[in-house]
Amino acid sequence: MNNIVMLPLIVPLLAGILLIFFNKYITIQKWMSVIASLIAVIISFLLVLNVRENGILTVEIGSWAPPYGIVFVADMFSSLLVLTTSIIGLTSILFAFHSIGDERERFYFYPAVQFLLTGVTGAFLTGDIFNLFVFFEVMLMSSYVLIVLGGTKPQLRESIKYIIVNIFSSALFVITVAYLYAVTGTLNMADLSQIISENGQTGILTVIAILFLVVFGMKGAIFPLYFWMPGSYQAPPAVVTALFGALLTKVGVYSITRVYTLIFIHDTGYTHQILAWLSVLTILFGVIGAVAYWDIEKIVIYNIIVAVGVILFGVAVFNSPGIEGAIYYLIHDMIIKGALFMLTGAMIVITGTSDLRKMGGLLKNHPLLAWMFFIAAIALAGIPPLSGFVGKLKIVQGGFEAGEYVFALFVLLSSLLVLYSIMKIFINGFWGEVKLAKEQEKGSTKGLLFPIAVLIALSIAFGVGTEAVAPYITQAAETLLDPSIYIQAVLKE
Amino acid sequence: MEILMAIVSGLLFMAATYLMLSKSLLRIIIGTGLLSHGAHLLILTMGGLKKGAAPLLGEEASSYVDPLPQALILTAIVISFGVTSFLLVLAYRAYQELGSDDMDQLRGNDHNE
């Protein structure tokens with residue numbers, strides 16, 4: 001019974017379909033989405049345990065052997081990301097209960113969230129390039145709906161740009177798949193990897209590898225393709241930004257990681273060197289943006305770009321500590337970005353503005369919110385007992401082992417500016433004189449703090465319990481470093 | 001034949017890029033239409049344009065054309081239909097609400113209006 005691989009995908013899909021019928025009954029919608037997300041969390045946890053015990057699990061759809069049919073593959077890397085996705089989904093839905101408002105809930109907000117989770121989970125689990133494109137579109141379509149739902153003027157303006165950029169990158173994805181099919185004659189990732197290792201990575205395949213970097217880099221917001229992100233991510237409500245910031249860009253990062261560790265691994269001197277340069281430039285432009293703004297949402301948005309750069313640098317060095325560090329940091333970053341966007345969302349609910357200069361002294365009336373923000377901030381920067389530390393440590397170690405001393409030092413120094421940018425929010429927003437008395441506040445944080453507390457607790461547990469998580473991460477890294485494990489699991493030779 | 005088709009889809013990409021860089025929103029949407037045309041034509045071309053029967057087993061021919069690219073195109077076509085109709089309705093709404101289809105006027109950093 002390998003069908004457990006499909007369950008994290010089928011649960012949100014069915015939940016989304018069922019929710020469409022109950023759009024007027026908000027209480028039913030809330031209960032159904034929470035129950036569905038809880039089931040998804042439990043199932044993906046069981047999937048992780050199952051993969052730990054039995055190695056890579058595959059499902060051949062319709063019993064057609066690969067490479068002829070579509071195959072779904074759950075290795076440890078995908079399973080861990082699916083588990084993190086379902087946890088983010090659950091906490092976002094809980095956050096939405098008290099923040100999104102009746103108007104949006106009545107117009108299919110919860111179904112759209114479930115379809116978004118379907119798309120993200122499918123993209124993590126698929127073993128077929130064209131199927132990956134289809135799940136990208138499932139994810140993007142739901143994100144188009146979520147970004148524009150509500151129809152305020154900034155949302156309309158920014159969603160047009162977001163959609164046009166994504167249509168362009170989707171067309172480029174189709175074109176790249178067409179080239180790849182012309183060269184290799186297959187679309188299954190394991191089969192592709194095998195064919196390329198047998199026939200050698202010719203020049204045209206390196207071109208295709210760079211085209212994939214452009215396609216996924218546009219989704220994942222790397223330099224110089226991140227230009228669409230700061231505007232688009234600020235337009236929708238906080239909970240949607242939390243979902244986007246935690247999940248959407250990370251799917252692009254996952255795809256780059258998968259493609260650059262499984263398929264295009266025979267000319268790393270060229271492709272991975274370009275990836276290393278781009279990731280370092282991504283970090284540079286990310287920290288410049290994070291330091292420049294006085295808008296709390298913009299600061300966190302630019303921190304997404306920094307984290308994408310850090311993760312991809314770990315992938316680019318392509319040795320065991322680098323890849324392990326990238327996996328640690330990817331999971332940590334999904335959790336902490338979800339938490340940070342919810343925290344800034346709660347701050348905006350209280351103050352009614354995202355301008356840092358108009359707020360101050362929130363610590364006095366909201367101590368719990370303040371200290372949770374403090375923990376999230378130092379976790380983001382990578383202070384030792386918390387979750388961001390191990391990932392960055394391993395990435396820097398990998399950088400040194402690969403001889404990339406300057407780049408690794410650069411990654412290390414970027415942490416300082418990240419810490420500065422996020423502490424700026426803490427110092428200006430939470431310390432200082434109280435600008436809003438209790439009765440002048442624009443809204444209450446009732447119910448908003450619980451989902452944030454769950455994510456913060458997870459982040460602490462992930463940092464303190466590194467020993468417990470380590471075997472899972474090592475198993476994930478082994479598969480990424482040695483594609484033959486993946487190929488054998490899928491093609492069963 | 002493949003060379004001719006490659007040139008044609010190249011021309012489509014050229015026109016699409018030109019239109020997508022213009023100011024009017026409607027021209028940009030026409031550009032996305034041309035872009036997906038070019039991409040679909042490219043899949044068909046890259047699958048090979050050798051002579052053969054249509055992929056129907058009832059034809060009982062000795063060779064058939066490759067059925068996989070046709071399935072891929074069919075999938076990509078419906079996806080781009082969905083996205084294009086969404087974008088057209090969004091452009092209509094944006095024109096109603098914002099009163100302009102000029103991308104230069106759809107700028108702004110104020111998210112609290």
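**Entry 1: D102(A) and R106(A)**

I looked up D102(A) in this predicted model and found it partly exposed, with a relative accessible area of 45%. I then looked up R106(A), which is also partly exposed, at 29%. The two side chains meet in a salt bridge, with a distance of 3.8 Å from N to O. I noted that D102(A) and R106(A) are four residues apart in helix α4 (residues 102-106) of chain A, and so about one helical turn separates them. As a general remark, side chains of opposite charge can pair when their charged atoms come close.

**Entry 2: Other salt bridges**

How many salt bridges does a search of the whole structure find? I recorded twelve over all chains.

I examined E324(A) and K394(A), which form a salt bridge whose closest N and O atoms are 2.9 Å apart. This pair links distant parts of the chain, for E324(A) is in helix α14 (residues 320-351) of chain A and K394(A) is in helix α17 (residues 388-401) of chain A, 70 residues apart. I also asked whether each partner is buried or partly exposed. E324(A) counts as buried, at 10% relative accessibility. The cut-off for buried is under 20% relative accessible area, and K394(A), at 23%, counts as partly exposed.

In chain B, I found that D104(B) and K23(B) form a salt bridge, with 3.5 Å between the closest N and O atoms. D104(B) lies in the segment after α3 of chain B, while K23(B) lies in the loop between α1 and α2 of chain B, so this pair ties together parts that are 81 residues apart in sequence. D104(B) is partly exposed, at 37% relative accessibility.

Lastly under this heading, I noted a network of salt bridges that links R157(A), E158(A) and K161(A).

**Entry 3: Helix α21 and strand β2 of chain A**

Which residues of helix α21 (residues 483-491) of chain A are buried? I listed P483(A), Y486(A), I487(A), A489(A), V490(A) and L491(A). I then traced what these buried residues pack against: β1 (57-60), β2 (71-74), α8 (189-199), α11 (238-263) and α20 (466-481), in chain A. After α21(A) comes K492(A), whose phi is positive, near 50°.

I turned next to β2(A), one of the elements against which α21(A) packs. Both of its faces are covered. V71(A) and V73(A) are buried on one side, and F72(A) and A74(A) are buried on the other. I found β2(A) paired with β1(A) in the antiparallel sense, over four bridges. Within this pairing, I saw that T58(A) stands opposite V73(A) of β2(A).

**Entry 4: Two residues of helix α11 of chain A**

I selected R258(A), which has its place in helix α11 of chain A. Is this charged residue buried or exposed? R258(A) counts as buried, at 4% relative accessibility. Apart from neighbours within four places in sequence, R258(A) is in contact with D75(A), F77(A), S78(A), M189(A), I263(A), L480(A) and Y486(A). I recognised Y486(A) from the previous entry as one of the buried residues of α21(A).

I also looked up A246(A), placed in helix α11 of chain A. A246(A) is buried, with a relative accessible area of 0%. Not counting residues up to four places away in sequence, A246(A) touches I88(A), M334(A) and G338(A). I checked the distance from A246(A) to G338(A): the two are 92 residues apart in sequence, yet 5.2 Å apart in space, C-alpha to C-alpha.

**Entry 5: Where chain B touches chain A**

I then examined the contact between the chains, which takes 34 residues from chain B and 33 residues from chain A. Between them, chain B and chain A bury about 3,200 Å², and 81% of this is on carbon and sulfur atoms. I searched for salt bridges between chain B and chain A, and the count is zero. For polar contacts across this interface, I recorded two residue pairs, both at pLDDT 80 or more.

Which helices of chain B each supply at least two residues of the side that touches chain A? I noted α1 (2-20), α2 (25-46) and α3 (67-98) of chain B. The largest share, 15 residues, comes from α3(B). I sorted this side of chain B by class and obtained 22 nonpolar, six polar and six charged residues.

Terms used:
Residues are numbered from 1 along each chain as its sequence is written. Chains are lettered from A and ligands numbered from 1 in the order in which they are written. Side-chain values use heavy atoms; hydrogens and water are left out. Contact means heavy atoms within 4.5 Å. Buried area is the accessible area (1.4 Å probe) that two parts lose on being put together, summed over both. A salt bridge is a side-chain nitrogen of Lys or Arg within 4 Å of a carboxyl oxygen of Asp or Glu. A polar contact is a pair of N or O atoms within 3.5 Å; within protein, one must be able to donate a hydrogen and the other to accept it, and residues adjacent in sequence count only if both atoms are side-chain atoms. Ala, Val, Leu, Ile, Met, Phe, Trp, Tyr, Cys and Pro count as nonpolar, Asp, Glu, Lys and Arg as charged, and the others, Gly among them, as polar. Buried means under 20% relative accessible area, exposed over 50%, partly exposed in between (1.4 Å probe, protein chains only). Two strands pair if DSSP finds at least two bridges between them.
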